[in-house]
Amino acid sequence: MKKMIFHRMMLLVGCCAIAVSLGSCRGGNASKKSQDTPSSAAVQPGVLEVDDLLAAADSLVGTTVTFEGVCTHTCKHGARKIFLMGSDDTRVIRVESGDLGSFDPQCVNSVVRVTGRLDEQRVDEAYLARWEAQTQAGTGETHGTTEAGCSTEKAARGETGNTVSERIADFRARIAARQAAEGKSYLSFYYVTATSYEIAQ
């Protein structure tokens, strides 16, 4: 009788061990399958932060990028431009609406995710000479309500002047400094023309 009870207990323990083993095998296979099957995050390129986009901008010019940041400002002239900030207010990029028309005013103070083409605007002596000529002729494009320009765009470009002549002089000094340091006679400013956007928060 004792032998029979002992054999039954051993059989029960063996069955439990097999069941546990099979369960862990199934779990292992399921886990392996999820690792082998690429997730959508792995297939799709990641969403960049503004800081990362600006850091790699030189190598990304002409490509389509997706990034996000806090919208600090929308252009008052038709909301055709917004500015997205990264980790602080020195890391800002301009986004133009392009064929989208205008941006939703709700973008301001929200995290906005943008997909679009990254381009470079070069400010060189020819650019500054055109700006001077257009200002003298009264045909220059204005941003902001005074000749000081849009404060947000100026901050994004590191400008300090309060008049057109001061701004141009500031650019000339910065170009000269870059020429001396890097051998480049222009300043690079990056912007994105949006093909889509969404308010993330």
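1. Confidence first. In this predicted model, the protein chain is least certain in helix H2 (residues 40–43), with a mean pLDDT of 30. Confidence is highest in S5, at 96. Across residues 1–44 the pLDDT is below 50. Beyond near neighbours in sequence, that stretch has one contact in the model. The protein chain averages a pLDDT of 77. Of its residues, 72% score at least 70.

2. Overall layout. The protein chain has seven helices and six strands. Along the sequence they run α-α-β-α-α-β-β-β-β-α-α-α-β. The protein chain has 201 residues, and 29% of them are buried. Consider the contacts in the protein chain with a separation of 6 or more: residues 24 or more positions apart account for 64% of them.

3. Main core. The largest nonpolar core has 18 residues. Those with the most contacts inside it are Phe67, Leu84, Ile93, Val95, Val114, Leu118 and Val192. One helix and several strands are involved: H3 (50–55), S2 (64–74), S3 (81–85), S4 (92–96), S5 (111–123) and S6 (187–199) each supply at least two residues of this core.

4. Leucine 84 up close. Set aside its neighbours within four places in sequence. Leucine 84 then touches Val50, Phe67, Gly69, Val70, Cys71, Arg91, Val92, Ile93, Val95, Val112 and Val114. Among these partners, Phe67, Ile93, Val95 and Val114 also appear in the list of residues with the most contacts inside the core.

5. Second core. A separate core of ten residues is also present. Its members include Val123, Leu128, Val164 and Ile168.

6. Aromatic pairs. The whole structure contains four. In one, the ring centres of phenylalanine 103 and tyrosine 197 lie 5.0 Å apart. Their planes meet at 65°, so this pair is edge-to-face. Phenylalanine 103 sits in the loop between S4 and S5, and tyrosine 197 in strand S6. The two are 94 residues apart, so the pair links distant parts of the chain. Burial is uneven here. Phenylalanine 103 is buried, at 2% relative accessible area. Tyrosine 197 is partly exposed, at 27%.

7. A tilted pair. Tryptophan 131 and phenylalanine 171 are 6.2 Å apart, centre to centre, with 55° between the planes. This pair also links distant parts of the chain. Tryptophan 131 belongs to helix H5 (residues 125–137) and phenylalanine 171 to helix H7 (residues 164–182), 40 residues apart. Tryptophan 131 is buried, at 12% relative accessibility. Phenylalanine 171 is buried too, at 0%. Both residues belong to one aromatic cluster, formed by Tyr127, Trp131, Phe171 and Phe189.

8. Arginines over a ring. Tyrosine 186 has arginine 122 over its face, at 4.0 Å from the ring centre. Arginine 178 also lies over the face of tyrosine 186, at 5.1 Å from the ring centre.

9. Cysteines. The disulfide count is zero. Why is cysteine 71 not bonded to cysteine 107? The sulfur of cysteine 107 is the closest cysteine sulfur to that of cysteine 71, but it lies 5.3 Å away, too far for a bond. The cut-off for a disulfide is 2.5 Å between the sulfur atoms. Cysteine 71 is buried, at 0% relative accessibility. Cysteine 75 is buried as well, with a relative accessible area of 16%.

Technical notes:
Residues are numbered from 1 along each chain as its sequence is written. This is a predicted model: local features need pLDDT of at least 70, side-chain atom pairs count only at pLDDT 80 or more; totals for chains, interfaces and linings use all residues. Side-chain values use heavy atoms; hydrogens and water are left out. A nonpolar core is a set of buried Ala, Val, Leu, Ile, Met, Phe, Trp, Tyr and Cys residues joined through side-chain atoms within 4.5 Å. Buried means under 20% relative accessible area, exposed over 50%, partly exposed in between (1.4 Å probe, protein chains only). Helices (H or I, at least four residues) and strands (E, at least two) are DSSP runs, numbered from the N terminus. Contact means heavy atoms within 4.5 Å. Rings of Phe, Tyr and Trp (its six-membered ring) pair if their centres lie within 6.5 Å; planes under 30 degrees apart count as stacked, over 60 as edge-to-face and the rest as tilted. A charge sits over a ring if NZ of Lys or CZ of Arg is within 6 Å of the ring centre and within 35 degrees of the ring normal. pLDDT is the predictor's confidence in each residue, from 0 to 100.
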